[in-house]
Amino acid sequence: MCNVCSGDIIWAIAAGLTYVSVSVFKTYDNFEHIDKDYYTLIPAGILLGAAVFMFITGVIGCIGACKESKCLLGTFFSLILLILLLEVTAAILGFVYKDQIRTGLKDGMNTAIQNYTDPNYEDAVDSMQKDLKCCGVDNYTDWMKTPWYSEHPNSVPTSCCKKDTNCTGDITKPDLLYTEGCYYKLIDTLEDNLKYIIIAGAVFAFVMIIGMVFACVLICRTKEVPYINLDSSGGYRA
């Protein structure tokens with residue numbers, strides 16, 4: 001029965017969940033000084049926890065099938081059920097938080113560009129503007145209202161410059177700049193992360209249901225070990 005149960009599928013799903021979760025954490029890490037809300041990290045953390053359980057579950061499931069152990073298969077079923085609940089929870093939270101990530105985001109972005117001289121904010125804003133190919137919050141003119149602009153008149157940070165240009169941040173040459181603001185682009189990025197979490201949670205939850213059915217079938221087909229007792233005459237009784 002070892003060939004019937006393979007941990008490859010379970011481990012592949014765990015790897016997929018890990019990839020989605022780590023991608024979300026990595027994205028947030030780039031913007032942590034801009035977005036102070038943790039809405040996208042909660043479901044991502046749940047998925048990561050589910051992935052850890054899945055690596056363990058795959059091992060238990062394979063050993064249980066090879067040994068035809070109802071105890072291990074029962075444990076496998078229980079872990080699959082727990083993982084299913086975690087994935088459903090992550091998908092639901094992703095859907096609920098999808099409409100809440102805008103809360104405070106614009107204030108956080110405005111705070112970041114107003115404090116651009118702080119190295120932490122500078123790195124976060126530059127990373128955001130380069131990655132999202134944008135400038136400012138609503139548009140590039142937002143920089144004209146910042147303390148940084150007072151020290152660098154008629155200029156925006158060079159992170160607003162388009163690639164492969166001789167741009168110096170001069171606002172009199174907007175053709176060399178990203179003029180679109182970062183607010184809606186960042187929202188789209190964060191919402192996309194939650195969409196990935198919702199899709200991953202829903203799809204893998206369906207696979208877990210199939211795994212639970214598979215575990216039930218194995219448990220039902222597993223043979224009982226016969227009980228043998230030694231009688232008083234020295235013989236064996238089954």
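**Exposed, buried and bonded: reading the labels**

Biologist: Why is Arg-221 called exposed?

Modeller: Arg-221 has a relative accessible area of 60%, and a residue is called exposed when this value is over 50%, buried when it is under 20%, and partly exposed in between (1.4 Å probe, protein chains only), so the value for Arg-221 earns the word exposed. The model is a predicted one, in which local features need pLDDT of at least 70 and side-chain atom pairs count only at pLDDT 80 or more, while totals for chains, interfaces and linings use all residues. Residues are numbered from 1 along each chain as its sequence is written, and side-chain values use heavy atoms, with hydrogens and water left out.

Biologist: Where is Arg-221 found, and how far apart in space are Arg-221 and Lys-70?

Modeller: Arg-221 belongs to helix α7, where a helix is a DSSP run of H or I with at least four residues, a strand is a run of E with at least two, and both are numbered from the N terminus. Although 151 residues separate Arg-221 from Lys-70 in sequence, their C-alpha atoms are 9.6 Å apart.

Biologist: Why does Cys-71 count as exposed, while Val-59 is called partly exposed?

Modeller: Cys-71 has 59% relative accessibility, which puts this cysteine among the exposed residues, whereas Val-59, at 40%, falls between the two cut-offs and is therefore partly exposed.

Biologist: What makes Val-59 and its partners a nonpolar patch?

Modeller: Trp-11, Val-52, Phe-55, Ile-56, Val-59 and Ile-63 together have about 500 Å² of accessible area (Shrake-Rupley method, 1.4 Å probe, only the protein chains shown counting as cover for residues). Patch residues need over 30% relative accessible area and no salt bridge (a Lys or Arg side-chain nitrogen within 4 Å of an Asp or Glu carboxyl oxygen); nonpolar side chains (Val, Leu, Ile, Met, Phe, Trp, Tyr) are joined within 5 Å, and like charges within 9 Å. Helix α2, residues 41–67, supplies the largest share of this patch, five residues.

Biologist: How do you know that Cys-134 and Cys-182 form a disulfide?

Modeller: Their sulfur atoms are 1.9 Å apart, and a disulfide is a pair of cysteine sulfur atoms within 2.5 Å, so the pair qualifies. Cys-134 sits in the loop between α5 and α6 and Cys-182 in the loop between α6 and α7, so the bond ties together parts that are 48 residues apart in sequence. Three disulfides are found in the whole structure.

Biologist: Why is the disulfide of Cys-134 and Cys-182 called right-handed, and why is that of Cys-161 and Cys-167 called left-handed?

Modeller: The torsion about the S-S bond is about 100° for Cys-134 and Cys-182, so their disulfide is right-handed, whereas for Cys-161 and Cys-167 the torsion is about -60°, so theirs is left-handed. Cys-161 and Cys-167 have sulfur atoms 2.1 Å apart, and both residues are buried.

Biologist: Why is Cys-135 counted as buried, and what makes Cys-135 and Cys-160 a disulfide?

Modeller: Cys-135 has 0% relative accessibility and therefore counts as buried, and Cys-160, also with 0%, is buried as well. Their sulfur atoms are 2.1 Å apart, which lies within the limit for a disulfide. The link is right-handed, with 80° about the S-S bond.
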